[in-house]
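Let's walk through this one together, starting with how its strands pair and ending at a single serine. Keep the viewer open as you read.

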Amino acid sequence: MSTNAALFERAQRSIPGGVNSPVRAFRAVGGTPRFIAKAQGAYMWDAEGRRYIDYIGSWGPMILGHGHPEVVEAVQKAALDGFSFGAPTEREVELAEEILKLVPSAEQVRLVSSGTEAAMSAIRLARGFTGRSKLIKFEGCYHGHADALLVKAGSGLATFGHPTSAGVPPEVVQHTLVLEYNNVEQIEQAFAEVGKDIACVMIEPIAGNMNFVRASVPFMKRLRELCTQHGALLVFDEVMSGFRVALGGAQSLYAQQIPGFVPDLSVFGKVIGGGMPLAAFAGPAQVMAQLAPLGPVYQAGTLSGNPVATACGLSTLKIIQRPGFFEALSQRTQTLVQGLVGAAKQAGVPLIGDSQGGMFGFFFADSLPQHYQAVMAHGSEKFNRFFHAMLDGGVYLAPAMYEAGFVSAAHTEQDIAETVAAAAKALG
């Protein structure tokens, strides 16, 4: 049997950093990454045979848990018919129709293979549709690793961002403006100064890459008003929140509180693929008609709408629409967060949490942070100790304090109780 340490040492010889996505390396929390051998339901087992209750769920897609029998059957059947054709299939149409049925703001959808690809394409489409170059994003929101999005805030509001990654020339991000999440004054000032040049504003409505932070209703309402007033497109990045926080995504929650609210474009991933590489961007037919082969905005992909991935995603979307699914998932997630907060209170440790649907987060703080700087001000050292204590207790949380967590329909009351007990021990 291979050990996690031996596998990590071996991996570092052939893979940069020993991992194929940076957060898996445990750099933020220290220690040796767990190499996962298998997963089923709410659990994962590492290379040493150790079982963990899984709260990352492949970073969101596994809303049904691992290896749901109906999904496995759909994937197996699709695989027997062929892995990839490079030609259209009926199942692509079925998945597109299913997404559009659940997302009233969209009239057409384009399937792609990753969230990064979907976000990058949505920005290109927004620029092509508006004829403008500049885009606004918010500090702490992650939209994938496309060059124009790997950018941090400039030194002042009128100063556009500069790269956060080597290999991204400054001129590539010169049109990206980075503002503070939930700051109405900044967004108003930005539109006042350069509104006529802004193609789009891209936002995670419930951010999952600075832990779990919601855009406030007043902030979102003002954002919608300013985009409409200045002719910019409002792009909702729902790669994480889509079909995860509610059946209609985060946009359905804002629509309940802001009359007539819709984003102009939406970006989806994770849940719509059910664990397979699949993502999408969607919007009104008038905007989507700018895409090739109809319009001048080029976008293409060999594996877009892959027949095995669409089978996985379609089966997942059908199951989560069953009566009571989200009510049960939300209740289970709330029970977890309340349990963690209660355990911390017993131990005299400041901790606060929040959740929506099957997505949650917690902070070693007295109040919920509203933006990135507030998130980063709290408890990284505490989180790192807590993470390892939970891991030792058989609970797998995200290995960084700025990542949201995910509960699946496979998590039982007993799983939640075991997790809260492990937390009580760790916090004590």
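Before anything else, a bit of vocabulary: two strands count as paired if DSSP finds at least two bridges between them. Bear in mind too that what you're looking at is a predicted model.

With that in hand, go to the hairpin of β15 and β16. Strand β15 (residues 352-356) and strand β16 (residues 359-363) run antiparallel and are joined by five bridges. Within that ladder, Asp-354 sits opposite Gly-361 in β16. Two residues lie between the strands of this hairpin, and Gly-357 has a positive phi there, near 60 degrees.

Now for the sheets. Strands of a sheet pair through backbone hydrogen bonds, either parallel or antiparallel. One sheet here is open and has four strands, ordered β1-β2-β3-β17, with mixed pairing. Its edges are β1 (36-40) and β17 (395-396); each has a single partner strand, so one side of each goes without a neighbour in the sheet. If you zoom in on β1, you'll find four bridges tying it to β2 (residues 43-46), with the two strands antiparallel. Lys-38, for instance, has Trp-45 in β2 as its bridge partner.

Another open sheet is built from seven strands, in the order β4-β14-β13-β12-β9-β5-β8, and its pairing is mixed as well. The edge positions go to β4 and β8 (176-179), each of which pairs on one side only. On average, neighbouring strands of this sheet are turned by 20 degrees against each other, ignoring direction. Inside the sheet, β12 (residues 233-238) and β13 (residues 265-268) pair in the parallel sense over four bridges, and Asp-237 has Val-267 in β13 as its bridge partner. Helix α3 lies across β4 and β13, and runs at about 125 degrees to β4.

What about the packing? In soluble globular proteins, nonpolar side chains tend to be buried together. The largest nonpolar core in this model has 65 residues, and the ones with the most contacts inside it are Tyr-55, Ile-99, Phe-243, Ile-320 and Phe-362. Helix α10 (residues 325-347) supplies the largest share of this core, eight residues. Apart from it lies another core, of 41 residues, including Ile-206, Met-210, Cys-227 and Ala-246. Back in the largest core, Phe-243 makes a good tour guide: leaving out residues up to four places away in sequence, its contacts include Ile-63, Ile-99, Phe-268, Ile-320 and Phe-326.

And the cysteines, how many disulfides do they form? The count is zero, with a disulfide taken as a pair of cysteine sulfur atoms within 2.5 Å. Cys-141 shows the gap: the nearest cysteine sulfur, that of Cys-200, is 13 Å away. Buried means under 20% relative accessible area, so Cys-141, at 5%, counts as buried, and so does Cys-312, at 5%.

Last stop: Ser-105, in the loop between α3 (90-102) and β4 (108-112). Is Ser-105 buried or exposed? At 10% relative accessibility it counts as buried, because that falls under the 20% cut-off. Which side chain does Ser-105 meet in a polar contact? The partner is Gln-251, at 2.6 Å. Beyond its neighbours within four places in sequence, Ser-105 is in contact with Gln-251, Val-262, Pro-263, Ser-266, Gly-283 and Pro-284.

Definitions and conventions:
Residues are numbered from 1 along each chain as its sequence is written. This is a predicted model: local features need pLDDT of at least 70, side-chain atom pairs count only at pLDDT 80 or more; totals for chains, interfaces and linings use all residues. Side-chain values use heavy atoms; hydrogens and water are left out. Buried means under 20% relative accessible area, exposed over 50%, partly exposed in between (1.4 Å probe, protein chains only). A polar contact is a pair of N or O atoms within 3.5 Å; within protein, one must be able to donate a hydrogen and the other to accept it, and residues adjacent in sequence count only if both atoms are side-chain atoms. Contact means heavy atoms within 4.5 Å. Axes are lines fitted to C-alpha atoms, for helices over the stretch in contact, and angles run from 0 to 180 degrees between N-to-C directions. A nonpolar core is a set of buried Ala, Val, Leu, Ile, Met, Phe, Trp, Tyr and Cys residues joined through side-chain atoms within 4.5 Å.
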